[in-house]
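Got the model open in your viewer? Let's walk through it one selection at a time.

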Amino acid sequence: MSLTVSDVRLVTPEGVHDGWLTIEDGKITHVGRGQAPGNGRSLGGRTVVPGFVDIHTHGGAGASYPDGDVDKAAQAAAFHLGRGTTTTLASLVTAAPATLARTASALADLCEQGLIAGIHFEGPYISKARCGAHDPALLREPDRAEFRELVRAGRGHVRMLTIAAELPNALDVIRDAAAEGVIAALGHSDATYEQTIAGIEAGGSVATHLYNAMPPLSHRDPGPIAALLQDDRVTVELINDGVHVHPAMLRLAAHESGPGRTALVTDAMAAAGMGDGRYPLGPMTVDVEDGVARLTENGTIAGSTLTMDVAFRRTVREMGASLVEASAMASLTPARVLGLQDEIGSISVGKYADLVVLDEDLRLDGVMRRGVWVREPA
Ligand SMILES: [Zn+2]
C-alpha cells in the first residue's frame, strides 16, 4: 500500500524544507521538495518531524510499567504513542530483585509484540544519598550474578541499566552490561568527577536525567555533571518540563554536549495525561499537584507528567533550539543510543514512517507509526 503526504514542512537532519513524501509498507520510500507529483494527502503546510524516541519513561494514562501488568503497560505505551512517542523504553524503579525479574519477564511480552522497544532498570544499584523517588530500603550494592539473572528474566529485552559508578562492584557490572548489550546509564549517583570518569571508561554511555539526582556543578568540585557533559562517549538525558531543570541549565548542557549527544526524555509516571491526585510509582506513593509529581512522604520530585510533544515544543520555544536541533534531541540521538538509527529517528528514505505532525504553534496534530495514522491530522 502506497501513501503520499504532501504540502508539508519537513524537518530532516539536513534542514527544514517544504515538500512531500511517499510511504510504502510502513517505510519512507521517497522524500521530495516542493509540489508532489500527482495527488497526495495534503497537510496544508504543517510541520512534520520524525516520531519521538523516549528512553526514560515509567508510564502514563494512569498506568505504571513497574506494576508489571501487561494490559496496563500497553495502555501507557498507547497513551505516549498518541502524544508522538513512536518508540519507547519502559523504565522500572528500584524494587526487590524478584519483583524486578517478574516485571521484566512480563514486559518482555510487550517487547516481543513491538509495543515497547525494551526495558530500563532504573536501580536498584543506585546511591542512597541520591535516591530521589526510589525506596532507600530496597537499594542494593551492585551484584554481578544478580544482574545476570535480571537480564535473563528480560529475555534479551533489557536495554538499559541506571547505576551509580561509585558503588562497590559497579565498574564490573557496567562492564558486564556492555558485554550483554545493555546500555549502562550513570545516574542517581553521588560520584566525584573522577569516579564518573571511571564509570565512563568502564562503558557508561548515558547520563540518566542529567542534573537531577546527582551532585551539582561546582567550580572546585566539578562532580559527575562536568564529566558526563564533556565526554564524547556519553549522551545526556534532559527532562525539559519546566520543573526539573531551569531553561538556562538546559541550554548550558545542550550547548556543551550538542544535539548529537543530548536526548530529551519525559521520565513520565502514571499521572501523565491524567489529573492531579495520588498515584503509585513502584513501591512509593506520589502526589501530583498542578502537574508536578512529588513523593507523598517527603515532597521529593518523583518523575514527571511530561509528554514528548510538550518536551519538543519547550525545547524550541523555551530553550531556543532550532527545529533541526530539537528533532535530533527528541528522535535521532535517542534512536542512536538504542542502536536503531538505521530504522528510525529521522525522515529518511528506507526508515520506518514514524511521523509527528505539528501545527504552526508546534502543537501535536497527528501521529503516524509504521505508515499507519495513530492519530489522523485534523
Ligand atoms: Zn526515572
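Start at the metal. Select the zinc ion and the side chains that hold it: His 56 and His 58, each through NE2, plus Glu 122 through OE and Asp 267 through OD, at 2.0 to 2.2 Å. Keep in mind that you're looking at a predicted model.

Now check the angles around the zinc ion. They run from 84 to 169 degrees among the 4 donor atoms, and the site is irregular. For reference, the ideal angle for four tetrahedral donors is 109.5 degrees.

Next, color the chain by residue number and look at how the donors are spread out: the spacing reads H-x1-H-x63-E-x144-D. Glu 122 sits in strand β9 (residues 118-122), while Asp 267 is in the loop between β14 (262-265) and β15 (277-281), so this pair ties together parts that are 145 residues apart in sequence. Switch on a surface and ask: are Glu 122 and Asp 267 buried or exposed? Both are buried.

Move on to helix α8, residues 308-317. How many of its 10 residues are buried? The count is 8, so call this helix mostly covered. To see them, select Met 308, Asp 309, Ala 311, Phe 312, Arg 313, Arg 314, Thr 315 and Val 316.

Keep Phe 312 selected, and add Ile 55, Tyr 65, Leu 107 and Leu 210: these are the residues with the most contacts inside the largest nonpolar core, which has 85 residues. Helix α9 (residues 323-337) gives the most to this core, with 6 residues. There's also a second, separate core of 14 residues; to find it, pick Val 8, Leu 10, Leu 21 and Trp 373, which are among its members.

Last stop: the empty spaces. Searching the whole structure turns up 2 cavities of 30 Å³ or more.

- The largest cavity has a volume of about 50 Å³. Select Ala 165, Leu 186, Gly 187, Ser 189, Ala 191, Thr 196, Met 214, Pro 224 and Leu 228 to show its lining. That lining is made of 6 nonpolar and 3 polar residues, with no charged ones.
- The second largest cavity comes to about 40 Å³. Its lining is Pro 50, Gly 51, Val 53, Thr 86, Thr 87, Ile 344, Gly 345, Ser 346, Tyr 352 and Asp 354. By class, that makes 4 nonpolar, 5 polar and 1 charged.

How values were computed: Residues are numbered from 1 along each chain as its sequence is written. This is a predicted model: local features need pLDDT of at least 70, side-chain atom pairs count only at pLDDT 80 or more; totals for chains, interfaces and linings use all residues. Side-chain values use heavy atoms; hydrogens and water are left out. Buried means under 20% relative accessible area, exposed over 50%, partly exposed in between (1.4 Å probe, protein chains only). Helices (H or I, at least four residues) and strands (E, at least two) are DSSP runs, numbered from the N terminus. Donors are N, O and S atoms within 2.8 Å of the metal (3.2 Å for Na, K and Ca); water is not among the atoms, so sites may look incomplete. Four donors count as tetrahedral if all angles lie between 85 and 135 degrees; four count as square planar and six as octahedral if opposite donors are over 155 degrees apart and all others between 65 and 115; anything else is irregular. On a 1 Å grid over the protein atoms alone, a cavity is a set of points where a 1.4 Å probe fits but cannot get out, and a pocket is an open set with protein on both sides within 12 Å along at least five of seven lines; lining residues have an atom within 4 Å of a point. Grid points are joined across faces, edges and corners, and a volume is the space filled by probe spheres set on the points. Ala, Val, Leu, Ile, Met, Phe, Trp, Tyr, Cys and Pro count as nonpolar, Asp, Glu, Lys and Arg as charged, and the others, Gly among them, as polar. A nonpolar core is a set of buried Ala, Val, Leu, Ile, Met, Phe, Trp, Tyr and Cys residues joined through side-chain atoms within 4.5 Å.
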